[in-house]
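Visitor: Before we discuss any assignments, may I see the sequence and the structure?
Guide: Certainly; they are shown here.

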Amino acid sequence: MMTVTLVVPAVLRDLNGGRSSVDLGSEVGTVAEALDRLYELAPGVYHRVMTEVGEVRPHVNVFVGRDDIRWIRGLETPVPAGGELYILPAVSGG
Amino acid sequence: MQEANGIEAKSGDVLLLIGTTKGGFLLRSGARRDAWEMEGPHFPGSEMYALALDQRGGRRRLWAAPSNPFWGTTLHRSDDFGGSWSDKEEIPLRFPDDSGLALKRVWQITPGRDAEPDRLFLGVEPSCLFESTDGGASWKPVEGYLKHPHRDFWSPGNGGLCLHTILLDPERSSRMLAAQSTGGVYRTEDGGRSWNPRNQGVRADFLPDKYPEFGQCVHKVVHHDSRPERLFLQNHGGLYRSDDWGDEWRDIAHGVPSDFGFAMAIHPTDPDTVYILPLDGFGRWPVDAKLKVYRTRDGGGSWEGLGDGLPQEDAYETTLRDGLDTDTLDPAGIYFGTRSGKVFGSSDEGETWTLIKDGLPPVVCVKAAVIA
């Protein structure tokens, strides 16, 4: 089975043992499931991406491939087999 | 960008911890306080509303609570004056998952009583008190505050719904006071299990009922350990004193150009000497754009403006609630920062002032300490 990979931004890699990605396995069908798996495998990264109430932090963007999940189905966005998730800081500030 | 390497500080030095909207800075001086060196930024790009130096139990421990605009708020300690900091997730700081609350910002870091060197408190947004009993290694919300029956009625001011002030009874470990915006003053007599509002006499201009039981927008409360029951309160419109731990408050805004302001600080040895920065209630800058610190030396009976060395024209400066502090030397040093990135200081109890630093990001926190 093809596994899903989450790419960790450089600024959070210290919370993932210095590694640039997390192998989430093949049992992941949605972004919510992917993030649940992230919680198990790299809780430090999870807590920087998600708030305590289970929402993606306001200035963090989650992509499935090239697609921002905010414009698809949010946490229910499907993740294809072998897909890649990207966590990226939004363009904001001043 | 230059890396922050920490600062060399020795016993007797004065240290200013400066929190800005873009990181933290350290300013160090000898006891003469006539020359300052700066080091930083620490956690560049992150809002730094809360900093503290804990010197209990032989420690020299800095605490910082940066709020990264992307990755949220974290808590860090340093035992080498900022040379190195604990990692992002080394000290977990979160609301319980079933609370329905998400941590937004830390507003206050308060080391506990000297007799309890492993106890610390945090005031956070959304309003809650967190406690550690293991020197800051782990934290949990104080249940009585987390589940306060007033929680659903508290509403945020412009700064957010923040618990910004924590005052401890130095003698009775069961008594402490917290203040938040909005909500007002709350006091516990049972070690945090229950919290009762203590706002009688404090005005709430923005509510139909001007003197409600709770809901006031209290900006800062101070007291001195030698007379802890005497409290001074800078309100969102109103300046008050209580002589009974907040049971009753009375107006002491006599002789100030405005009773609006954010910041307030107590003198390090005199429980009747208090410093404030009155501001125009709309512009949030000094009245007539003349920057003056006001001081009372008689418990609020009278106030005097102290502006020697401060700009007296076109000074559209704002000092926020944690932007004013005193050191513990004699004569006392008084320090404040502004939203335009200036830090002013006085080494003679406020009689004369100098500009210590300019060009910083907006200053939101100033903490002064003398290295033990």
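Visitor: In which sense do strand E17 and strand E18 of chain B pair, and over how many bridges?
Guide: This is a predicted model. In it, strand E17 (residues 227–235) and strand E18 (residues 239–242) of chain B pair in the antiparallel sense over 4 bridges. Two strands count as paired if there are at least two bridges between them, so the criterion is met. One of the bridge partners is Leu239(B) in E18(B), which is matched with Gln234(B).

Visitor: What makes strand E16 and strand E19 of chain B edge strands?
Guide: The open sheet has 4 strands in the order E16-E17-E18-E19 (chain B), with antiparallel pairing. Strand E16 (218–224) and strand E19 (250–251) of chain B each pair on one side only, and they are the edge strands.

Visitor: Why is Trp245(B) called buried?
Guide: Trp245(B) has 20 C-beta neighbours inside 10 Å. The cut-off for a buried residue is 20 or more, so Trp245(B) counts as buried. Trp245(B) is placed in the loop between E18 and E19 of chain B, and its phi is near 60 degrees, a positive value in a residue other than glycine.

Visitor: Why is Arg284(B) called partly exposed?
Guide: Arg284(B) has 17 C-beta neighbours inside 10 Å. A residue is buried at 20 or more and exposed at 12 or fewer; 17 lies in between, and therefore Arg284(B) counts as partly exposed. Its place is in the loop between strand E21 (274–276) and strand E22 (293–296) of chain B. Arg284(B), a residue other than glycine, also has a positive phi, near 65 degrees.

Visitor: Which value of omega goes with the cis peptide bond that joins Gly40(B) and Pro41(B)?
Guide: For that bond, omega is about 5 degrees. Pro41(B) is found in strand E3 (residues 37–42) of chain B.

Visitor: What is omega for the peptide bond from Glu125(B) to Pro126(B), and where does Pro126(B) lie?
Guide: This peptide bond is cis, with omega near 0 degrees. Pro126(B) lies in the loop between strand E9 (120–125) and strand E10 (128–132) of chain B.

Visitor: How many residues does the contact take from chain B and from chain A?
Guide: The contact takes 14 residues from chain B and 15 residues from chain A. The residues on the side of chain B that touches chain A divide into 7 nonpolar, 2 polar and 5 charged.

Terms used: Residues numbered from 1 in each chain as written. Chains lettered and ligands numbered in written order. Predicted model: local features only at pLDDT ≥ 70, side-chain atom pairs only at ≥ 80, totals over all residues. Contact = placed C-beta atoms within 7 Å. Nonpolar A, V, L, I, M, F, W, Y, C, P; charged D, E, K, R; others polar.
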